[in-house]
Structures are given as structure tokens and as C-alpha cells.
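The exercises below can be worked through with the sequence and the 3D structure side by side. Try each task before reading its solution.

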Amino acid sequence: MDSRVLTITSGKGGVGKTTTTANLGTALAMQSKKVVVVDSDIGLRNLDAVLGLENRIVYDLVDVVEGQCRLRQALIKDKRLPDLYLLPAAQTRDKNAINSVQMEQLCQQLRHEFDFVLIDSPAGIEQGFRNAIVGADEIIIVTNPEMASVRDADRIIGLVEAAGKPEPRLILNRLRPEMIRRGDMMDVADVLEVLGIDLVGIVPEDELIIVGTNKGEPVVYEKRSKAGRAFINAAHRILGDEVPLDEVEEAPSLVERLRRLMGFGPALAEKRVRS
Amino acid sequence: MGVLGFMNGRKKLTPGELAKERLKVVLVHDRIKINPELLELIRGDLLAVVSRRLEIDEQNVEITLAREDRWDRLHADVPIKRQKVAFEWDPPAYTPAANALLGSKIRVEIESDNEA
């Protein structure tokens, strides 16, 4: 089977790794791929809650690695989709509970069962991060358009390179089109110019993300959500489909449409720094 | 606009542009450990080499590090002093460049009223 192991990582915490993992996993499973999402953030598990599976955990990743249970016993099936599974992290252990060799073996085991293995990495660049990337074929870096997360993303690019992995690809998360238009936030081109890696997704800031997390339901199920559509597009790009990168191109606002109708057309549009 | 422009503060940047320019500089320093003292030494070395051949305006030399297109770059902006050509045109084949090859400095000629 041609399985792919992808690690979702970022360096900085709070940029949306877990949300991205949950949504990409769900979107890939919607395309009838057999998917397992693995929470490798041992001691700080959250992927279970984002997917709404927190009440069904019996065994976890550390139990599997230590031989306390079989792999099948630890996998939790998502009831909404036939082909989506979660391998949860241990909550009461720490990041040094497993080592790189064990993690690599686990990835090999998962390859036999699934088309896609998505690993949600912990923040940071310590052992937990190393474990998360050791078995990966591809690395996806999540970053936000602000100094600290872009800086950390650059560190991760260097470490991924040093680990002998192929060049990572980028998901630019939490863009705020209104701020970009005013010149108050870096745009897609700015971040790409600084980091110099390929893009797989552009995800606008979206309140429905928090609503979804509150409900334990990834936002890709929500048809109204721009972020949800952006994650679906990113999943298609991971599958190799050509999807134009136009997630932050917004329909003109009501005011702008009125202006155009009244003939004050492009004046406002011209002010946009870059689109 | 490039990093040098940002350094000189030639134009007021939007917060978004400012973030990008600051990142370009900070990322190079994160990756290659060049501290300001080392950069100062490099500056001295560069000026010594270049000023063997060219009259330069040492006060206004700008040496900066920045990330561009995924490459870390050392930028040297070296203004050349403007003054009269001072060497003798002994052999007719001499040009400023040929003269420099023989070890003399190139001086860029400009029209000047001083000696009129």
C-alpha cells in the first residue's frame, strides 16, 4: 500500500497544529482515504477533544509502544466517517515516555493499516518534536502571519532539513484579510518571501473554529465556514489535485459593491497593498 | 523595498511590511551566528580590500545581513567618492581600469570648478 506519513508541526504553540491535523484528517477521510490521526503531544493531549472523541479513550500511544495493548485496541474509530481513526496521546506521562526508535516502529505499523498517517506534533523543538518527525515522509508546518510563529517556523525548516527530511510545506493559518488590506498584517507573499517553502494551504481566521472545537466537531463539516473550505482545499492539494490558492480572496464588501454601482469603482480596491 | 531602505528609514512602512523586514534580518542572525563585533570585523576587512582599488566613502558604508529568496545574504553598500581622476595618462592605452590592475586606485572623474 502506498501510505503516506505526514507530520504537522510548528515550533511555536497555539498556531493551530491540532486544529489543522483534525481537519486535514477529516477532510482526507471524506475523500474515502483510510486515515489515522496520531496525537504525539504526550502529557498535553487535545486532538481527542477537537475531534469529540475524548470520552472513548481506553488505551493510548504509550500503551501501544510499551506493549500494554495491541494497536487495534488503542485506535478509536470516528463514528461520523467510516475511515477515520484516532490514536490518542497518553495524558499522565511525559514526553520522554517514548523514544525515536519506538516512534519510527509505530509509524511502520500504522502504514500497514492506513493510506494516511497524520501526526500532530507537540510545540517546541525537543524530544517530542523529534519523535513526531522521525517516521514522517512529509512535514507540514503551520504558521500564523506574525513574527514569533514565522521565526519559529524558520527554525523548524532548518531542523527538518538537518534531519534529512524533504523540504517541508506550509499551511498559513489565521489570516485576517481585513488587517492585510490595511497593511497591518503580513500577507501570503510576505511570509512566503521570508520562509521560501511551498504552500499547501491558506486558512483565514474564523470564529467557527472555536465553535467547532466547543462541539467536538471539525470545521470541515461546516459548509458556511471559510476555514473549513480552506482545509478541504489543502487536503485536495495534499492528494495532488490542482486547487487555486485563493482562500483569502474575499467577495467585495457591501460598501465596496455600492461604491462600484455608484461609479466610485476602483478607488478603494487600489488601496489594497497586495492581494 | 529592500532591507537597506528599511535601515535608512527612507519610507514609512506599514506594520505588515515592518514585520517582514524585521523577520528577514532576525532570521539570518538566528541561523548563522554573526554577532555585531564579527560583522564589524568583516566590514573592516571588506573596506581594506576595496579601498586598495577604489576611493570609497568609509563613513557611509552599510554592511547588513538579510534573508532573501531563501538565501542569507551579506549586503555591502559601498559609496564611491567622487573626485577628479588624479593619475597621469602616460601610456596612451591606460584606462582607469587598466591602471587599477597595475595597483593604482581608480578615481572617478567629475567635472569640478575648483581648479578653474
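**Exercise 1. Determine how many residues of chain A are in contact with residues of chain B, and which helices of chain A supply the touching side.**

Solution. Taking two residues to be in contact if their C-beta atoms, placed from the backbone, lie within 7 Å, one finds that 18 residues of chain A are in contact with 16 residues of chain B. On the side of chain A that touches chain B, helix H7 (147–162) and helix H9 (188–195) each supply at least two residues, where helices (H or I, at least four residues) and strands (E, at least two) are DSSP runs numbered from the N terminus. H7(A) gives the most to this side, with six residues. Sorted by class, the side of chain A that touches chain B has seven nonpolar, three polar and eight charged residues; here Ala, Val, Leu, Ile, Met, Phe, Trp, Tyr, Cys and Pro count as nonpolar, Asp, Glu, Lys and Arg as charged, and the others, Gly among them, as polar.

Before going on, note that this is a predicted model, in which local features need pLDDT of at least 70 and side-chain atom pairs count only at pLDDT 80 or more, while totals for chains, interfaces and linings use all residues. Residues are numbered from 1 along each chain as its sequence is written, and chains are lettered from A and ligands numbered from 1 in the order in which they are written.

**Exercise 2. Describe how H7(A) packs against helix H2 of chain B.**

Solution. Two packed helices are described by the angle between their axes and the distance between the axes. For H7(A) and helix H2 (residues 15–31) of chain B, the angle is about 35° and the axes are 10 Å apart; axes are lines fitted to C-alpha atoms, for helices over the stretch in contact, and angles run from 0 to 180 degrees between N-to-C directions. H7(A) passes H2(B) in a right-handed crossing, a crossing being right-handed if the near helix is turned clockwise from the far one by less than a right angle, and left-handed if anticlockwise. On the H7(A) side, the contact is made by A:Met147, A:Val150, A:Arg151, A:Asp154, A:Arg155 and A:Gly158. Facing them from H2(B) are B:Ala19, B:Arg22, B:Leu23, B:Val26, B:Leu27, B:Asp30 and B:Arg31. By class, this contact of H7(A) with H2(B) has six nonpolar, one polar and six charged residues.

**Exercise 3. Set out the secondary structure and the buried share of each chain.**

Solution. Chain A has 13 helices and eight strands, whereas chain B has four helices and two strands, which follow the pattern α-α-α-β-β-α along the sequence. A residue is buried if 20 or more other C-beta atoms lie within 10 Å of its own, exposed if 12 or fewer, and partly exposed in between, with C-beta atoms placed from the backbone. Buried residues make up 47% of the 275 residues in chain A and 12% of the 116 residues in chain B.

**Exercise 4. Work out how H1(A) and H11(A) meet, and which helix gives the largest share of the largest nonpolar core.**

Solution. Helix H1 (residues 17–30) and helix H11 (residues 226–238) of chain A pack at an angle of about 65°, with their axes 9 Å apart. H1(A) is therefore roughly perpendicular to H11(A), since angles of 65 to 115 degrees count as roughly perpendicular, under 35 as roughly parallel, over 145 as roughly antiparallel and the rest as oblique. A:Asn23, A:Leu24, A:Ala27 and A:Leu28 in H1(A) meet A:Phe231, A:Ile232, A:Ala234, A:Ala235 and A:Ile238 in H11(A). The residues of this contact divide into eight nonpolar, one polar and no charged.

A nonpolar core is a set of buried Ala, Val, Leu, Ile, Met, Phe, Trp, Tyr and Cys residues joined through C-beta atoms within 7 Å. The largest nonpolar core has 84 residues, of which A:Val35, A:Val36, A:Leu61, A:Val117, A:Leu118 and A:Phe231 touch the most other members. H11(A) provides the largest share of this core, with seven residues.

**Exercise 5. Decide whether A:Ser32 and A:Arg174 are buried or exposed.**

Solution. A:Ser32, found in the loop between H1 and strand S2 (35–39) of chain A, has 11 other C-beta atoms within 10 Å and is therefore exposed. A:Arg174, found in strand S7 (residues 169–175) of chain A, has 21 C-beta neighbours inside 10 Å and so counts as buried. Phi is positive in A:Ser32, near 65°, and A:Arg174 has a positive phi of about 65° although it is not a glycine.
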